[in-house]
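Biologist: Before I rely on the labels in this annotation, I would like to hear the reasoning behind them. Please take me through the calls one by one.

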Amino acid sequence: MAMARSMIVPLIACALLASADALSIASKNASAAHQSLEVSSQLLALGADCRCSFSGKCGCEEAMKFMGCIKSACDSGRCSCDKAGGVADHFVNACGQMETMCLASGILCTPIAATCGQLSVVRAGVAQPSTSSEGQSAGSITIEEHRKTMEAHEAHSHQAFGMALIIIISCLAIVFAMANSSNKAIAVNTWASIDYVIVVFLGVSWFYVMNHICDYFAIKEGMHSTVAHIAFSVGFLVVAIIGAWLFKDPTSRNIWVSVMTIQVLFANTGAIGTAQTHSSGDMLGGLYIVLGAAGLFALLAVILRYFKPEPNFLDEMECSTAGGALAAGVVLWINRVVCGEYHQLGGGNKDGLTPSRGDAMIMFAVCIGFCIMAVVLTPKLAQKFKNADNYWVQRFYSVLTSMIGILPYFSSAMSLAHMALHHFGVESGCIQAVLLSALLNTVIGCLIIVMVAKVRYFSNGSEIAMQLTGLLTGLGGYITGMGWSALLNKAIDEALEGQELGHPFEIKFVVTVGLSAVLLPVYACYFKPIADAKAA
């Protein structure tokens, strides 16, 4: 039951928000007469030329009042409207601008009339433009075609809603069955993966919130935004250390550290990603940033060592978060070399486009290489860590081990889902693509759990088998949590599109705070104790 409670909150939240485009279209239609939008500069200029002003409210009455003013200006000669449908026709241009801006209002434009609901403005004394063989005005659409377009938009929304419900119910059923499986290995690994899914989901959700904070506070320059993200990263680390010190109970401290480790990791990742985003076009620039970040982590480790309440306090968390962030930087740099442009972690470029099929396949090959490297090198590096008699040498090997161990996680986020989406022919960047990606990541995570349980090699008790088991189950939990948090982020973006609900940072901050307020107590009080007991 605790597992269901822990999983159902984020999954249902994603389901509801994934259907936000359906709800937003419905709300647009219901409140179009009262919705105020930012008027485009082109529409303002057209109105100014004709001495007319548009209120910005997308109701039919306001829109037709504005078009009536434009018509009067055309009739009096105040505007350039002497050739209906021409390039300089203010009537057609103004109506077209409003039709684009107020899509939900159902404004229909032709060179001789503007229509909205039962209201219309018809230009008198204007010759009917040339028509096609079917008699339709060139460049215009019929009311039937407009109706079909609106129905297609609504069908798209309903499909997203239905698809979300099907996926959420299916995933909950599969996860519940695996967590209660009679096969002990499947059950234990499922609980361990769910544990990782929850903390990754929250960590990545806060990562998306932090991505908007610089824009919210108008921090535009590359250096300034990079410094701001570094400050966030250090702040998260300091909060993690102070919080761990305040929790005297070992169990409470372990729960706090497990949650905050992911938060600090993605805060560090955000700092490196921001720096790479604003780096020059030089392909080596991203690598230089990774090396610079390594130097900053080393400096921070030296400073914090003298301010910690106890020697070696949370050294393991510092090393894992630094190594993980460096791994993300390396993967982002390799992906930039492969694709020729910067892509966000697990997402698209500045235009929202994801890597091509060929680029995704190359990144998948890189992921396989990183998995092999992690399996081969991690035990050797762990042995070197044990044999080292110098504190800073041990720290170096610890960071390097974490970096190599997490490389497969981030490289999989840049390849697996993108390959599948290209295979199914889903348009990149749409809500269905993100929803399908979350499903595919969940399926992959479940298959990894079954594979680890069924293949005898993973249960032979050897150190390499145990290392590989931890690597694969962690990978499954990571990509699953990453997929659902990306869906939450995309759903909020879809819900905000065309609405004046506030800045994305404000909305995502409120949503993420709400989810954290529900998930963290359930995770700490119910789920984590059960997961640890199952693992024992």
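**Aromatic rings, cysteines and charges**

Modeller: Tyr 196, Phe 207, Tyr 208, Phe 266, Tyr 409, Phe 410 and Tyr 478 are joined into a cluster by ring pairs. The model is predicted, and a search of the whole structure gives 19 aromatic pairs.

Biologist: Why is the pair of Phe 207 and Phe 266 called tilted?

Modeller: The ring centres of Phe 207 and Phe 266 are 5.8 Å apart, and the cut-off for a pair is 6.5 Å. Their planes meet at 55°; stacked needs under 30 degrees and edge-to-face over 60, so the pair is tilted. Phe 207 belongs to helix H7 (residues 184-211) and Phe 266 to helix H10 (residues 250-277), 59 residues apart. Both Phe 207 and Phe 266 are buried.

Biologist: What makes Cys 52 and Cys 69 a disulfide?

Modeller: Their sulfur atoms are 1.9 Å apart, and the limit is 2.5 Å, so the pair qualifies. The angle about the S-S bond is -85°, and the link is left-handed. Cys 52 is in the loop between helix H3 (41-49) and helix H4 (60-76), while Cys 69 is in helix H4, 17 residues apart.

Biologist: How do you know whether Cys 52 and Cys 69 are buried or exposed?

Modeller: Cys 52 has a relative accessible area of 8%, under the 20% limit, so Cys 52 is buried. Cys 69 has 24%, which falls between 20% and 50%, so Cys 69 is partly exposed.

Biologist: What is the case for Cys 95 and Cys 109?

Modeller: The sulfur atoms of Cys 95 and Cys 109 are 1.9 Å apart, within 2.5 Å, so this pair is also a disulfide. The link is left-handed, with -90° about the S-S bond. Cys 95 lies in helix H5 (residues 90-101) and Cys 109 in strand S1 (residues 108-110), so the disulfide ties together parts 14 residues apart in sequence. Both cysteines, Cys 95 and Cys 109, are buried. The count comes to 2 disulfides.

Biologist: Why is Cys 171 not bonded to Cys 446?

Modeller: The sulfur of Cys 446 is the closest cysteine sulfur to that of Cys 171, but the distance is 7.2 Å. A disulfide needs 2.5 Å or less, so the two are too far apart for a bond. Cys 171 is buried at 4%, and Cys 446 counts as buried at 13%.

Biologist: What makes Lys 248 a charge over the ring of Trp 245?

Modeller: The charged end of Lys 248 is 3.5 Å from the ring centre of Trp 245, and the distance limit is 6 Å. Likewise, the charged end of Arg 305 sits over the ring of Tyr 391, 3.8 Å from its centre.

Conventions: Residues numbered from 1 in each chain as written. Predicted model: local features only at pLDDT ≥ 70, side-chain atom pairs only at ≥ 80, totals over all residues. Heavy atoms only, no water. Helix = DSSP H or I, 4+ residues; strand = E, 2+ residues; numbered from the N terminus. Buried < 20%, exposed > 50% of the residue type's maximum accessible area, 1.4 Å probe, protein only. Phe/Tyr/Trp six-rings, centres within 6.5 Å; stacked < 30°, edge-to-face > 60°. Lys NZ or Arg CZ within 6 Å of the ring centre and 35° of its normal.
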